[in-house]
Amino acid sequence: MNIRFDNQVCVVTGAGSGIGFVCAKVMAESGARVAMIGRNPEKIHKAAELLKDAGDVYPYALDVSDVAAIPGVVEKIRSELGEIRFLIQSAGIMAGGPAVDLEEAEWDRVMNTNAKGLFFMMRECVKQSMIPQQFGAVVNIASMAGIRGMTPPMCSAHYSASKGAVVAVSMQGAVEWAGNKIRVNAIAPGGVMSAGAGVHMEPVGGPGGPGAPGPGPGGPAMGVPTGRLSDPEEIAGMAAFLLSEWSENTTGQVVVIDGGSTAVGY
């Protein structure tokens, strides 16, 4: 299987680091012209410089929570790179803590980026480029926290709510825009290793085999069946697959990449 996006424009939000950075790298290596979006101008320019040998990458500074600024940046990308064919949305704020301690301002801060900003960025790319072309594909990065409860401080009510919203708007977009030949899918990662983290977890059942205590409180159900967190490259590879012609009849889906964690029943 050879996935190529030669000379096609792909926008990647949250491209300054983490999953977004790796998604930008994978898309550039696959021939796409990648608009790398990040909220910090210096950081996103440095990130693009790091990827200059991977392919055609172009930095754009934008805080997606500033909804009023989104249309102008999308128009700038279109005028400089061409019509947008693909969108990967990885911009997000990770937040944890007990629900009883959650303040309104913190709720708004996370929701404005993870849910509101994500929706309006998607809407603008669809409105300006994808509907006129009658073609497009979107991958939104959600989270396992958006489809199941998780113990604080690992996640939180506002983070989970924001990622649940990502799932919902992805499905809604898939339904509304299917007639325009636009596909929208989401990826829900579990734990993802950051660069150099080297995290390894005991498989479910622990080193003593099935039935032996797993890591952390709660025994085996707290483990990851594969015994490790995901690599960012695994998320990026799935994103590229979902954007490609190999997935041309796949839309409105949520692909969970969590080492089997959600399959553990108890």
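This report covers three helix pairs and one pocket in a predicted model.

Residue numbers start at 1 along each chain as its sequence is written. Local features need pLDDT of at least 70, side-chain atom pairs count only at pLDDT 80 or more, totals for chains, interfaces and linings use all residues, and side-chain values use heavy atoms, with hydrogens and water left out.

**Helix packing**

Two packed helices are described by the angle between their axes and the distance between the axes. Helices are DSSP runs (H or I, at least four residues), numbered from the N terminus. Axes are lines fitted to C-alpha atoms over the stretch in contact, and angles run from 0 to 180 degrees between N-to-C directions.

| Pair | Angle | Axis distance |
|---|---|---|
| Helix 4 (residues 104-133) and helix 5 (residues 157-177) | about 15° | 8 Å |
| Helix 3 (residues 70-81) and helix 4 | roughly 45° | within 10 Å |
| Helix 1 (residues 18-29) and helix 6 (residues 232-243) | about 50° | 8 Å |

The angle makes helix 4 roughly parallel to helix 5. Angles under 35 degrees count as roughly parallel, over 145 as roughly antiparallel, 65 to 115 as roughly perpendicular and the rest as oblique. Helix 4 and helix 5 cross in a right-handed sense: the near helix is turned clockwise from the far one by less than a right angle. Contact means heavy atoms within 4.5 Å. On helix 4, the contact residues include Trp-107, Met-111, Leu-118 and Phe-119. On helix 5, they include His-158, Tyr-159, Val-166 and Trp-177. This contact has 16 nonpolar, 3 polar and 2 charged residues. Ala, Val, Leu, Ile, Met, Phe, Trp, Tyr, Cys and Pro count as nonpolar, Asp, Glu, Lys and Arg as charged, and the others, Gly among them, as polar.

Helix 3 and helix 4 are oblique to each other. Their crossing is right-handed. Ile-70, Pro-71, Val-74, Glu-75 and Arg-78 of helix 3 meet helix 4 residues, among them Phe-120, Met-121 and Glu-124. The contact divides into 6 nonpolar, 3 polar and 3 charged residues.

Helix 1 and helix 6 are also oblique, with a right-handed crossing. Ile-19, Val-22, Cys-23, Val-26 and Met-27 of helix 1 meet helix 6 residues including Pro-232, Glu-233 and Leu-243. Here the split is 11 nonpolar, no polar and 1 charged.

**Second largest pocket**

The second largest pocket holds about 310 Å³ of space. Of its 19 lining residues, Phe-135, Arg-183, Ser-244, Glu-245 and Glu-248 are the closest to its centre. The lining divides into 8 nonpolar, 6 polar and 5 charged residues. A pocket is an open set of points on a 1 Å grid over the protein atoms alone, where a 1.4 Å probe fits, with protein on both sides within 12 Å along at least five of seven lines; lining residues have an atom within 4 Å of a point. Grid points are joined across faces, edges and corners, and the volume is the space filled by probe spheres set on them.

How values were computed:
Helix = DSSP H or I, 4+ residues; strand = E, 2+ residues; numbered from the N terminus.
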